Every structure is written in C-alpha cells, then in structure tokens.
Amino acid sequence: MKIYLDGDYVDEADARISVFDHGLLYGDGVFEGIRLYEGCVFRLDEHLERLEFSAKAILLDLPLSRDEISEIVCETCRRNGLTNGYIRLIVTRGIGNLGLSPDSCGRPTVIVIADTIELYPVEYYEKGLDIVTVPTRRINPAALNPAVKSLNYLNNVLARIEASQHGAPEAIMLNDQGYVAECTGDNIFMLSREKVYTPDTSCGALKGITRDTVIDIAEDLGIPLVEADLTRYDFWTAEECFLTGTAAEVVPVVRIDGRAIGNGKPGAVTQRFIDSFRKRASHEGTRI
Ligand code: PXG
C-alpha cells in the first residue's frame with residue numbers, strides 16, 4: 001500500500017511519523033474519513049471544507065490548498081489501484097518539543113491513507129441494530145466543539161467501549177443537558193408522524209456529511225425534516241430510527257435501551273433513505 005506522507009508517496013512500512021509529532025503527543029490535529037465509490041470520491045469538496053473549518057477552529061494553518069489536497073486524495077487512490085475504498089486524511093500540528101504549546105511545531109504533517117473498506121455485516125442492514133445509551137456524555141461544545149473533527153477521539157472511544165460492554169455495535173451519546181447528541185461515530189435520525197427528526201447540531205454533534213446527504217434526500221423525497229432538541233423518550237417512542245456515517249452509510253436501528261422501535265423491524269421510510277443514499281453514492285462524486 002502507498003501512503004501519502006508530507007509530499008511523498010511511500011510504502012506502508014516507510015510511512016512513519018515522529019514521536020514528537022503533536023498529533024501523537026496531544027491529539028493535536030484534525031482528520032476526515034471519506035469514501036470512494038466506483039472510482040468517484042463522495043462529497044470530496046464538503047469533506048475538504050469541513051477539514052478547513054476544523055483546522056480553522058483549532059488555529060491550524062493547512063499547508064496545502066483545497067485543490068492540492070483534492071489532487072493528493074485522488075492520486076493516493078490511483079496509486080493504490082482502488083475503485084472502492086475508504087480514505088483517511090489526517091493533518092497534525094507537526095513535530096515540536098514536549099511542551100503543550102504548538103509554537104514549537106514547524107510544518108503540519110499531512111497524511112493520506114487509502115485502503116479497501118471492510119463493510120458492515122449485511123445483517124446490520126437487513127435486521128437493524130440494537131443500541132444502548134451510554135453514561136459517557138458528549139463533550140460540552142464550550143470545551144471542545146464536537147463539530148471539530150479533531151484527533152481527540154477519546155470521548156467517543158470510551159463511549160464505544162461502553163457500547164461493547166453491553167454487546168451493542170453503536171451507542172447513543174447525550175449532551176451535558178441530557179439531550180441526544182449523536183452516536184460514537186454516526187449521526188442519528190428518527191421518524192415520528194411522517195416527519196424525520198435529527199438532533200440540531202447545536203446539541204453538540206458532528207455536522208456529518210452523510211447527515212447532510214440525508215437532509216438533501218428528505219427534500220427530494222418530500223419528507224419533512226426537523227432539526228431539534230430530542231430526548232431519549234423521543235427515540236424510544238419513534239416509529240423508525242436510523243444512523244448515518246461515512247462507514248455505516250444509512251443503517252436501521254430496531255432497538256434502543258431494550259425498547260423495540262416501531263414494530264422492531266427496519267422501517268419502510270428508512271429503506272427509502274438507504275436506497276436513495278446508495279443511488280447517490282454510486283452516481284455522484286469527484287472522479288479520481
Ligand atoms: N459523528 C461522529 C462523532 C463521527 O465521528 C459521524 C458522526 C458521521 O459523519 P460523516 O461525515 O462520516 O457522515 C462521525 C464520522 C469509523 C469512523 O471508523 C467513523 C467516523 C469517524 C472516524 C472513524 O467507523 N465517523
């Protein structure tokens with residue numbers, strides 16, 4: 001596998017970074033997870049805009065323009081002979097000394113990994129997920145805004161461990177006020193009385209690219225979509241529920257905290273979103 005690392009395409013074994021990189025020392029950096037479908041990068045411009053916004057929020061000057069990063073992402077896919085895959089784009093603060101301050105860091109480190117993707121098991125889509133709410137809360141936006149896709153994922157990692165302790169593949173995370181924020185690596189939606197609801201991003205959730213795509217699909221399908229403060233009760237009593245994320249795409253949820261959602265089977269509206277998403281994923285995108 002060829003990996004882009006600071007200007008070169010190197011073999012996986014040679015893709016090494018310094019132990020003084022502040023991405024490692026402090027989780028000081030930002031990243032994106034992006035999909036390649038049928039030779040086209042899905043919503044590349046949106047991912048690069050989000051990367052720019054994440055970098056801006058943490059006062060990290062990206063060393064490359066959007067066009068340059070876009071070309072590197074495509075070239076990394078080409079060099080690995082991929083037509084379908086998962087791209088991980090990472091920008092760290094770079095190499096510095098052991099102090100917390102980024103002042104000692106020179107140039108940010110830029111890494112692009114493009115690999116085949118291990119898809120979620122088909123039964124997730126056919127049978128739906130059984131998920132739980134975990135005790136670990138989503139970080140307060142006044143501390144580190146969850147809209148920043150930073151290398152600080154420990155909050156989500158802890159929540160994912162708690163999910164696994166309950167045998168669940170994903171988990172609902174609440175914000176510090178107790179409203180539903182999102183899942184550990186996915187956004188969450190539900191259907192109630194012919195409207196689709198999702199937590200407003202002011203609740204403290206990542207502005208997911210798949211979430212945005214689902215909002216566009218809802219408009220296409222003529223289904224009203226509402227962004228609001230939502231409680232666990234709202235989800236327990238919903239008719240349908242589904243999650244969205246770059247890895248998961250659109251995946252049904254059939255049980256939350258031991259309560260069956262609707263009739264306990266993936267919903268018909270959810271299926272329309274899954275079908276629509278798959279159609280878009282295979283037709284849209286930036287050809288590499
Ligand atoms: N919320 C969080 C906290 C995320 O990390 C999403 C929502 C969905 O956003 P997108 O833009 O992908 O629709 C994410 C992103 C993984 C993995 O390996 C998943 C994400 C990030 C990192 C790793 O499953 N999801």
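Which pocket is the space taken by the ligand? That space is the largest pocket, a pocket being an open set of points on a 1 Å grid over the protein atoms alone, where a 1.4 Å probe fits, with protein on both sides within 12 Å along at least five of seven lines.

The model is predicted, and its local features need pLDDT of at least 70, while side-chain atom pairs count only at pLDDT 80 or more. Residues are numbered from 1 along each chain.

Select the ligand, then its shell: 22 residues surround the ligand (a heavy atom within 4 Å). The closest are Y153, E182, I209, T210 and T246.

Next, select T246, where a polar side-chain atom lies 2.5 Å from an oxygen atom of the ligand. At R50, a side-chain N or O atom is 2.8 Å from a ligand oxygen atom. At G185, turn to the backbone: an N or O atom there lies 3.0 Å from a nitrogen atom of the ligand.

Finally, colour the two domains, whose bounds come from an automatic or database assignment. Domain 1 (2–115) and domain 2 (122–283) both give residues to the shell around the ligand, so the ligand lies between them.

Definitions and conventions: Side-chain values use heavy atoms; hydrogens and water are left out. A polar contact is a pair of N or O atoms within 3.5 Å; within protein, one must be able to donate a hydrogen and the other to accept it, and residues adjacent in sequence count only if both atoms are side-chain atoms. On a 1 Å grid over the protein atoms alone, a cavity is a set of points where a 1.4 Å probe fits but cannot get out, and a pocket is an open set with protein on both sides within 12 Å along at least five of seven lines; lining residues have an atom within 4 Å of a point. A molecule sits in a cavity or pocket if more than half of its atoms lie within 2 Å of its grid points.
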